[in-house]
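Hi,

Here is the structure I promised to send over. Have a look at it first, and then read on for my notes.

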Amino acid sequence: MTTTNSSLLPFPASPVSVPAPCAVPPFEPVRVRGARPRLRGALRRGRRMPVVLLALMAAALAVAAAVPGGGPSPGGTRATAVSPARPVPAAPLVSAPVRIADAATVRLLRPGDRVDVIAAPHAPPGGDGGARVVASGARVAEVPRADGDGPDGGALVVLSVPRATAATLAGAGVTSRLAVTVC
C-alpha cells in the first residue's frame, strides 16, 4: 500500500465523489430555415469574385493598351490620343573602306565592334584642329590584313554604314586624318 504525504499535494486529500454517468436523450438536430442557402450562395459568390475581378482588370488593361494614349501620362493627367507613328525603314547599309591614321588602333579592332569615326583636318602643330565626329556607332565589318604601310602610315578598316554616311566618310578621308574610338 502506498502512502502519500499530504504536504506535497497542492490541495488537501479528501475523498472525491464522481457523479454517475448519465445518458444523453436522443433529439432531432436543430436547423435554422433559410440560413443554409444564403451561406452556400455567399460561398459560391466568394469563390467567383476574385475570378470576376481578375477578368475585369485584364479587360481594362487590354482596352487601355489598344487605345493610343489611353493610359495615364507621367504627370497624372490623361494623354491625348495620337496616331501611332510608322516605323522608319532602316537605311540599307553599305561597306565603306576607311583608312585610319593610326595603324596600331586598327589592330585592336575586331569585326562586330562599334566605333565612332573622328575627322581631324590637317593643321599645323599648335592649331586647335577642329575635330568632328563623322560617323557614330559604325559597325566594323572587316579588318583586312596589312600588306604594307599605307601612303600616310595608316591602316584600312571596312565599316558598315548607311550610304549617306559612307559618302561623308569618303570626303573626310580626303581632307582630314581619321581616327576611331570604340563605343
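To start somewhere specific: leaving aside its neighbours within four places in sequence, which residues is Ala 166 in contact with? They are Val 94, Ala 96 and Val 161. Before going on, please keep in mind that this is a predicted model, and every value below was computed from it.

Staying with Ala 166 for a moment, you'll find it in helix H3, which covers residues 163-175. Its relative accessible area is 15%, so Ala 166 is buried. If you want a distance to check in your viewer, try Ala 166 and Val 134: they sit 32 residues apart along the chain, and their C-alpha atoms are separated by 9.6 Å.

Now the overall picture. The protein has 3 helices and 5 strands, and reading along the sequence gives the pattern α-β-α-β-β-β-α-β. Of the 183 residues, 17% are buried. The accessible surface comes to about 14600 Å², with 63% of that belonging to carbon and sulfur atoms. As for contacts, take those between residues at least 6 apart in sequence: 65% of them join residues at least 24 apart.

The residue I'd look at next is Asp 116, in strand S2 (residues 114-121). Asp 116 is buried, yet it has no salt bridge. Where is the nearest side chain of opposite charge? That would be Arg 114, 8.9 Å away. What Asp 116 does have is a polar contact at 3.3 Å, from its side chain to the side chain of Ser 136. Not counting residues up to four places away in sequence, Asp 116 touches Ala 135, Ser 136 and Gly 137, and also Ala 179, Val 180, Thr 181 and Cys 183.

Arg 114 deserves a few words too. It is found in strand S2, and it counts as partly exposed because its relative accessible area is 42%. So what does the side chain of Arg 114 reach? It reaches the backbone oxygen of Gly 137, at 2.9 Å. With residues up to four places away in sequence again left out, Arg 114 touches Gly 137, Ala 138, Arg 139, Thr 181, Val 182 and Cys 183. One of these, Thr 181, is 67 residues from Arg 114 in sequence, while the C-alpha to C-alpha distance is 8.6 Å.

Over in strand S4 (residues 155-162) there is Ser 160. Is Ser 160 buried or exposed? Its relative accessibility is 11%, so it counts as buried. Beyond residues up to four places away in sequence, Ser 160 touches Leu 93, Val 94, Ala 138, Arg 139 and Ala 141. Two of those names have come up already: Val 94 is also in contact with Ala 166, and Arg 114 touches both Ala 138 and Arg 139.

Last, the surface. Val 52, Leu 53 and Leu 56 form a nonpolar patch there, with about 290 Å² of accessible area together. Leu 56 has its place in helix H1, residues 35-66. Why does Leu 56 count as exposed? Because its relative accessibility is 54%, and the cut-off for exposed is over 50%.

That's what I have for now. Shout if anything is unclear.

Cheers

Notes: Residues numbered from 1 in each chain as written. Predicted model: local features only at pLDDT ≥ 70, side-chain atom pairs only at ≥ 80, totals over all residues. Heavy atoms only, no water. Helix = DSSP H or I, 4+ residues; strand = E, 2+ residues; numbered from the N terminus. Buried < 20%, exposed > 50% of the residue type's maximum accessible area, 1.4 Å probe, protein only. Lys, Arg positive; Asp, Glu negative; His and termini not counted. Salt bridge = Lys/Arg side-chain N within 4 Å of Asp/Glu carboxyl O. Polar contact = N/O pair within 3.5 Å; in protein donor to acceptor, adjacent residues only side chain to side chain. Contact = heavy atoms within 4.5 Å. Patch = residues over 30% accessible without salt bridge, like charges linked within 9 Å, V, L, I, M, F, W, Y side chains within 5 Å. Areas by Shrake-Rupley, 256 points an atom, 1.4 Å probe, with all protein chains shown as cover.
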